[in-house]
Amino acid sequence: MAYTPTSRLLYGQWIAQIWRLDANNYPKGTLAAPDSPVAGTVYSPYVIPAPISYQAADDTFAEVSSFANTQLRARVQVALTDFANDTFTLSELDDTFDSLVMGYTNDVTTATSMRIRARNSGRRTPRRFGLALTRASATKDNVISYETIIKMNVQFRRAAGSNTSQTFGQNPDPLAYTVIKARNSRMPWGKAFSSSSNLVVDGNADDEISIQGPAPIMAVTYVDDGAATTFALPYAPDYTEHAGAYNIIYKNGTSASVTSISGSTVTITAGSSGDIWTFFGPSTALLTA
Amino acid sequence: MADDPRIGYVGADSGELTFPELTLSGQEYSQPLAIKMLSGGRFVVLDQDTPPGFDVAAELAKLDAPAPKASRKAASSES
């Protein structure tokens with residue numbers, strides 16, 4: 001049954017997921033080297049434990065006007081000239097998230113029962129990510145559903161080092177990350193934007209999309225090894241259908257068929273080694289991840 | 001059934017996953033970020049931060065090579 005658009009109350013910051021993009025803008029979970037995956041492996045996003053807000057800043061547009069006879073004549077908006085930087089805030093220090101977005105590896109070897117992190121202020125090539133943010137929505141009849149917003153091509157930075165404070169009632173460390181946005185010519189599951197795609201946008205690229213569905217959307221990538229006929233989803237999908245109603249399944253950027261979905265297992269006809277399968281579908285299990 | 005705590009199983013009928021307790025290298029983990037399928041409906045969770053010197057490919061080959069039964073026997077004999 002098609003989702004019926006309706007005016008709805010939006011609330012909360014529920015689930016935030018982040019995944020790395022490879023050179024072709026396919027999602028690759030948290031893989032340190034996203035262009036060198038291990039065949040036969042499922043890569044899933046990092047589910048950020050304590051996100052509290054994502055503040056989108058106003059974009060910059062060019063406007064042109066004419067003036068004559070002491071008064072304004074024409075005035076038109078021309079186009080977007082730049083994105084402003086957004087702000088993503090966590091309520092806790094998360095060294096897994098920090099190392100992922102700042103591009104360093106936590107040291108758990110020097111002292112195996114401790115964890116040492118750095119800041120990597122000298123990084124030259126900030127990593128690129130997809131960021132999925134889920135908020136809830138309610139109709140006037142209190143029918144609850146979820147909207148998952150996907151920032152399709154973002155980079156992060158922390159403006160400062162760590163702080164301490166004796167102020168009570170708030171976390172003393174500034175856990176706000178600046179988010180640098182760009183467009184992506186592929187949808188999160190790898191399909192290229194085009195004039196014939198189901199989601200047509202000017203310029204065949206965009207910075208974000210959103211998916212309204214019955215549960216937060218999980219984003220999973222499987223890199224085929226050319227032999228295995230199943231792969232495992234890290235979270236149970238709410239629906240086992242694979243006819244295009246809820247679960248979005250693509251291979252190398254093209255809509256793909258699977259044999260079945262049972263529990264958290266997807267059965268496929270093995271492709272070629274290195275083929276990139278993507279699975280985007282509702283999963284209530286994410287709410288307790 | 002005593003199994004290697006690094007190996008997870010796919011339910012043969014249900015398709016539901018039983019996740020391993022530890023990652024491939026034996027570290028604890030909070031989320032299954034990378035799942036490597038092995039033969040026989042088994043899988044391992046790869047490490048987020050692989051310990052230096054740990055040979056992922058060699059360890060995977062070792063786990064994938066023997067039949068599941070032999071693997072379980074070896075694991076239980078070590079405990």
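Mentor: Two strands pair if DSSP finds at least two bridges between them, a strand being a DSSP run (E, at least two residues) numbered from the N terminus. This is a predicted model, in which local features need pLDDT of at least 70 and side-chain atom pairs pLDDT 80 or more, while totals for chains, interfaces and linings use all residues. Residues are numbered from 1 along each chain, chains are lettered from A and ligands numbered from 1 as written, and side-chain values use heavy atoms, without hydrogens or water.

Trainee: Which residue of β15(A) stands opposite Y250(A)?

Mentor: β14(A) and β15(A) run antiparallel and are joined by two bridges. They form a hairpin with two residues between them, and N252(A) in the turn has a positive phi of about 50°. Opposite Y250(A), in β15(A), stands S255(A).

Trainee: What is the bridge partner of I249(A) in β18(A)?

Mentor: β14 (248-251) of chain A also pairs with β18 (276-282) of chain A, in the antiparallel sense and over four bridges. Within β18(A), the bridge partner of I249(A) is F279(A).

Trainee: Which strands are at the edges of the open sheet of nine strands?

Mentor: The order is β15(A)-β14(A)-β18(A)-β12(A)-β2(A)-β3(B)-β4(B)-β1(B)-β2(B), and the pairing is antiparallel. Each edge strand pairs on one side only; the two are β15 (254-255) of chain A and β2 (17-18) of chain B.

Trainee: Which residue of β3(B) is the bridge partner of T41(A)?

Mentor: In the order of the sheet, β2(A) is followed by β3(B). Three bridges join β2(A) to β3 (34-37) of chain B, and the two strands run antiparallel. The bridge partner of T41(A) in β3(B) is K36(B).

Trainee: Within chain B, which residue of β4(B) is the bridge partner of G8(B)?

Mentor: β1 (8-10) and β4 (42-45) of chain B run antiparallel, joined by two bridges. There, G8(B) has as its bridge partner F43(B).

Trainee: How much area is buried between chain A and chain B?

Mentor: The contact (heavy atoms within 4.5 Å) takes 27 residues from chain A and 19 residues from chain B. Buried area is the accessible area (1.4 Å probe) lost when two parts are put together, summed over both. Carbon and sulfur atoms give 54% of the area buried between the two chains, which is about 1,800 Å².

Trainee: Which side chains meet in the salt bridge between chain A and chain B?

Mentor: A salt bridge requires a side-chain nitrogen of Lys or Arg within 4 Å of a carboxyl oxygen of Asp or Glu. Between chain A and chain B the count is one. Chain A's side of the interface draws two or more residues from each of β2 (41-43), β3 (46-48) and β13. At 3.6 Å, N to O, the side chains that meet are those of D49(B) and R115(A).

Trainee: How far apart in sequence are the parts tied together by E63(A) and R75(A)?

Mentor: Over all chains, the whole structure holds 16 salt bridges. In one of them, the side chains of E63(A) and R75(A) meet at 3.0 Å, N to O. Because E63(A) lies in β5 (60-68) and R75(A) in β6 (71-82) of chain A, the pair ties together parts whose separation in sequence is twelve residues.

Trainee: Why is one side of β13 and of β16 of chain A left without a neighbour in the sheet?

Mentor: Three strands of chain A form an open, antiparallel sheet in the order β13-β17-β16. β16(A) is joined to β17 (265-267) by three bridges, and I261(A) stands opposite V266(A). β13 (230-232) and β16 (260-262) stand at the edges, so one side of each lacks a neighbour: each has a single partner strand.
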